[in-house]
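Hi,

Here is the structure I promised to pass on. Have a look at it first, and then read my notes below.

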Amino acid sequence: MAAAEEEVLGLLVGAVDQGTTSTRFLVFNSKTAELVSHHQIEIKQEFPREGWVEQNPKEILLSVYECIEKTCEKLELLNIDSSNVKAIGVTNQRETTVVWDKITGEPLYNAVVWLDLRTQSTVENLNKKIPGNNNFVRFKTGLPISTYFSAVKVRWLLDNVKNVQKAVEEGRALFGTIDSWLIWNLTGGANGGVHCTDVTNASRTMLFNIHSLEWDKELCEFFEIPMKILPNVRSSSEIYGLMKAGVLKGVPISGCLGDQSAALVGQMCFQDGQVKNTYGTGCFLLCNTGRKCVFSEHGLLTTVGYKLGRDKPVHYALEGSIAIAGALVCWLKDNLGIINTLHEIEELAKEVGTSYGCYFVPAFSGLYAPYWEPSARGIICGLTQFTNKCHIAYAALEAVCFQTREIWDAMNQDCGIPLSHLQVDGGMTSNKILMQLQADILCIPIMKSSMPEVTALGAAMAAGAAEGVAVWNLEPGSLTALTMERFEPQIKAEESEIRYSTWKKAVMKSMGWVTTESSESGVP
């Protein structure tokens with residue numbers, strides 16, 4: 001590409017966005033933050049038993065290679081040389097756990113996905129071991145002991161999968177979240193691949209001390225996980241290694257953030273008190289708390305927001321995590337068959353404009369924030385003979401908004417400063433009924449980014465800003481502000497409160513449905 005053309009276009013930065021349901025590779029202009037090209041591939045989830053959720057790590061890796069190749073082909077069709085891609089960032093579904101053989105490069109078991117519930121009995125046993133007056137796990141990690149986080153998934157693999165046990169004994173096993181699995185492979189795999197993770201992903205394992213920013217010996221001993229299998233922890237923005245194959249061979253991988261931290265960066269929530277909510281498979285509300293760890297009194301998590309460089313300070317966040325948001329729409333499509341495409345839910349909801357007193361609590365994986373109640377299960381209540389699929393579709397959208405209201409209230413209480421508006425992103429935000437419902441149920445304006453790919457944008461920003469790359473300037477004066485669409489509340493606060501209090505009643509009815517099942521141990 002000629003120098004003059006490069007000047008107009010700006011240098012390009014790529015981002016691998018490996019999510020729960022799809023893999024994408026996106027290329028951004030580092031000057032304007034505009035999306036130039038992208039490619040997406042759907043990823044299969046496997047449900048070998050009730051409550052178990054797995055994915056094939058090799059399918060995930062191949063999807064990344066294919067997305068990179070296809071995106072670069074699309075660049076060539078735009079007469080843009082892929083040699084203009086100067087760096088690559090990685091963002092990923094967090095907590096999902098992979099253990100692989102460093103000699104052969106083969107996974108030793110499927111990836112155990114963040115939503116997976118098989119570790120419930122492990123969690124109950126571990127909770128009994130913690131002294132009531134000294135929850136050192138929560139103090140060190142910011143997290144409750146839950147099926148959600150990686151440590152208990154690794155513990156299950158060590159207890160139940162002979163291949164994993166043998167590889168650990170023989171010094172062949174490596175553990176990582178999806179970012180580690182991808183970076184290790186992209187930088188060479190069994191031939192010198194870099195085994196690393198970043199502080200944001202490490203902070204979701206329950207093995208990482210968020211104060212000292214290193215793996216914690218006491219936590220590893222508590223979960224009985226050998227430290228030798230853990231990746232090296234790096235900042236979210238530095239050169240980890242170079243691409244070893246494919247059309248982008250030699251390009252540095254220089255950004256890494258768990259998906260929700262990446263969205264915080266992509267939304268440019270760099271100031272204390274800035275809040276974003278991402279509507280994906282689940283729903284995740286994060287508030288930047290700056291350089292201080294804020295511990296929640298209302299069921300939120302304390303987590304690492306980002307650390308944008310080896311010598312840069314770490315920024316923390318409070319997080320409200322909802323397990324089921326977009327996954328509920330997928331369930332209506334795949335399990336109930338009341339819609340054929342994900343977009344149809346908006347049409348059904350629009351037909352009736354109300355749930356007609358029907359309430360849906362989608363506690364498919366128990367309830368996450370603010371309850372952390374693994375015994376809960378999904379319920380639909382308030383049904384009459386008048387209720388039809390349109391009302392259920394509307395109730396499903398309301399459920400996403402009510403769950404967000406619960407963590408929004410918790411966030412307001414923990415922050416002590418009333419939050420005035422909410423910045424939103426993620427696939428579900430294209431649903432205008434959902435956005436209006438959210439404004440009505442929170443009684444505040446919703447600010448929707450016109451560029452929906454802010455998670456990938458955050459990873460690209462971190463990669464482009466890394467020392468040794470330096471094609472993206474993150475100084476406040478240099479950042480291009482995202483344009484926003486605004487949704488204002490359109491109903492009275494009193495009406496909103498009545499609907500919300502009825503929802504809370506439904507939530508109480510969803511709890512205490514299951515006790516620990518004996519089917520949790522053993523590999524099918």
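**Notes on the model**

Let me start with helix α11 (residues 326-336), where G326, A327, L328, V329 and L332 are buried. The cover over these buried residues of α11 includes α12 (344-352), β19 (359-361) and α13. Right after α11 comes G337, which has a positive phi, near 70°. Do bear in mind throughout that this is a predicted model.

**The sheet**

Next, the sheet. Seen in order, its strands run β17-β18-β16-β15-β21-β22-β23, which makes an open sheet of 7 strands with mixed pairing. At the edges sit β17 (301-306) and β23 (484-487), each of them paired on one side only. From one strand to the next, the twist averages 30°.

I went through part of that order strand by strand:

- β15 (residues 275-279) pairs with β21 (residues 422-425) in the parallel sense, over 3 bridges. Here T278 stands opposite D425 of β21.
- β21 also pairs with β22 in the parallel sense, over 3 bridges. In this pairing L422 has I446 of β22 opposite it.
- β22 and β23 run antiparallel and are joined by 4 bridges. The bridge partner of M447 in β23 is R486.

How do β21 and β22 connect, and with what handedness? Helix α14 (residues 432-442) goes between them in a β-α-β unit that is right-handed.

β22 deserves a second look for its side chains. In a regular strand, side chains alternate between the two faces of the sheet. In strand β22 (residues 446-449), I446 and K448 point one way, while M447 and S449 point the other way. Are these four buried or exposed? All of them are buried, K448 included.

**The aromatics**

Then there are the rings. The count comes to 22 aromatic pairs, and I picked out two of them.

The W100 and W184 rings have centres 5.5 Å apart and planes at 50°, so this pair is tilted. W100 belongs to strand β6 (residues 97-101) and W184 to helix α7 (residues 178-186), so the pair links distant parts of the chain, 84 residues apart. Both W100 and W184 are buried.

The other one is F402 with W503, a stacked pair at 5.3 Å centre to centre, with 20° between the planes. Since F402 is in helix α13 (residues 389-415) and W503 in helix α16 (residues 493-510), the pair ties together parts that are 101 residues apart in sequence. F402 and W503 are both buried as well. Helix α13 may ring a bell, as it is among the elements that cover the buried residues of α11.

Which residues make up the aromatic cluster? W114, Y148, F149, F284, Y368 and W372 form it together.

**Charges over rings**

Finally, two side chains with a charge over a ring. R118 lies over the face of W52, 3.9 Å from the ring centre. K129 has its charged end over the ring of F222, at 4.9 Å from the centre of that ring.

If you open the model, you could begin with β22, where the parallel pairing with β21 and the antiparallel pairing with β23 can be viewed together. After that, go on to the W100 and W184 pair, which is tilted, and to the F402 and W503 pair, which is stacked.

Cheers

Note on methods: Residues are numbered from 1 along each chain as its sequence is written. This is a predicted model: local features need pLDDT of at least 70, side-chain atom pairs count only at pLDDT 80 or more; totals for chains, interfaces and linings use all residues. Side-chain values use heavy atoms; hydrogens and water are left out. Two strands pair if DSSP finds at least two bridges between them. Helices (H or I, at least four residues) and strands (E, at least two) are DSSP runs, numbered from the N terminus. Axes are lines fitted to C-alpha atoms, for helices over the stretch in contact, and angles run from 0 to 180 degrees between N-to-C directions. Rings of Phe, Tyr and Trp (its six-membered ring) pair if their centres lie within 6.5 Å; planes under 30 degrees apart count as stacked, over 60 as edge-to-face and the rest as tilted. Buried means under 20% relative accessible area, exposed over 50%, partly exposed in between (1.4 Å probe, protein chains only). A charge sits over a ring if NZ of Lys or CZ of Arg is within 6 Å of the ring centre and within 35 degrees of the ring normal. A crossover is right-handed if, with the strands pointing away from the viewer, the path from the first strand over the helix to the second runs clockwise. Contact means heavy atoms within 4.5 Å.
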